[in-house]
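Hello,

Here is the structure I promised to pass on. Have a look, and my notes follow below.

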Amino acid sequence: MCMVIFAPIFAICAFATCGGYYGHLQVKVDCADRRQNNHSINIDFGYPFRLQQVHFKAPLCKENRDEIIFLEGDFSSAAQYFMTVGVFAFLYSLLATIVYVFYQNKYLKNNRGPLVDFVVTIIFSSMWLVSSCCWAKTLSDIKTATNPTQVLLLITSCRAQENKCTATEEPLWSRLNTSVVFGFVNVVLWSGNIWFVFKETGWYKTGQRYPTRSASGKRSGSMRQRLYSESSFDQPEENFAPSRQNSFNLSKGDFDHQLQRQASINQSQVSFSLPQTYLGKPVIYDREDKMASQGPMIFVNEM
């Protein structure tokens, strides 16, 4: 969510410092014959930096007339590309801010919003990187093309050693340097935001919510469940049917004696399995040792 706060601000700073720039260069030409002294020449240029269209008039010391000189270089492509990325990044981040704040439920619905945001963030990160690098190189070329020494070489009168040409005012580059800095700040901001947007996608949530289980763990778990089911519920009926039929014919005293005897026999055959319980038909005897009623009765059979 850091992009929501800082991305629109840094995008505005990036394209505003680049698009609103105007540079001013002033040179002075002093002719040796003194016919044209202290002749100042003002050269203005700015965005989109089509310097081949920037022209100015310079005096010809040997002739009583002026010549028209054009600067060299067309640097509009890199500057306009940098501006375009900044404007579209600002519009998208502003739209994303509105969606995050007012349409959070629709944004998370069906996982489409985070996926689109993730892809667009990667695209803008790449575009910021390319545009910032191109703009940094182009700015270096602009500085070279508008260097006072380079401009004075374009003037015919300044090529003669008897004439004196000097630069009285040079362009200020702090604003364009700042635009390059803001461009790389946007690269860092959008690249770092990729991780935060990725955490909102279903790819990250699926990996966190459903951890993978090893094959051996699955086999052991299914084996334990099957053994427990077989030992608890699949006991055949004939194992305890004889003992249940015999218990119906025992008297009250013989019944207790039989249970003690059966318990002593079963203890000798104890294994490492859990006690098992079986639901049978219990018998209630009256005083005449006759079967009066039947109700729930549990037999414990220790293996």
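Which residue in S2 does His24 stand opposite? The partner of His24 is Asp44 in S2.

A word on the basis: this is a predicted model, where local features need pLDDT of at least 70, side-chain atom pairs count only at pLDDT 80 or more, and totals for chains, interfaces and linings use all residues. Residues are numbered from 1 along each chain as its sequence is written, and side-chain values use heavy atoms, leaving out hydrogens and water.

Now the sheet. It is open and antiparallel, with 3 strands in the order S2-S1-S5. Strands here are DSSP runs (E, at least two residues) and helices likewise (H or I, at least four), numbered from the N terminus; two strands pair if DSSP finds at least two bridges between them. S2 (39-46) and S5 (164-169) are the edge strands, each with a single partner, so one side of each has no neighbour in the sheet. S1 (residues 22-30) is joined to S2 by 8 bridges and to S5 by 5 bridges. Gln26 stands opposite Asn42 in S2, and its bridge partner in S5 is Glu169.

Then the interior. The largest nonpolar core (buried Ala, Val, Leu, Ile, Met, Phe, Trp, Tyr and Cys residues joined through side-chain atoms within 4.5 Å; buried means under 20% relative accessible area, with a 1.4 Å probe and protein chains only) has 49 residues. Phe49 is among those with the most contacts inside it. Beyond four places away in sequence, Phe49 touches residues including Trp135, Ile142 and Leu176, where contact means heavy atoms within 4.5 Å.

Best wishes

Terms used: Buried < 20%, exposed > 50% of the residue type's maximum accessible area, 1.4 Å probe, protein only.
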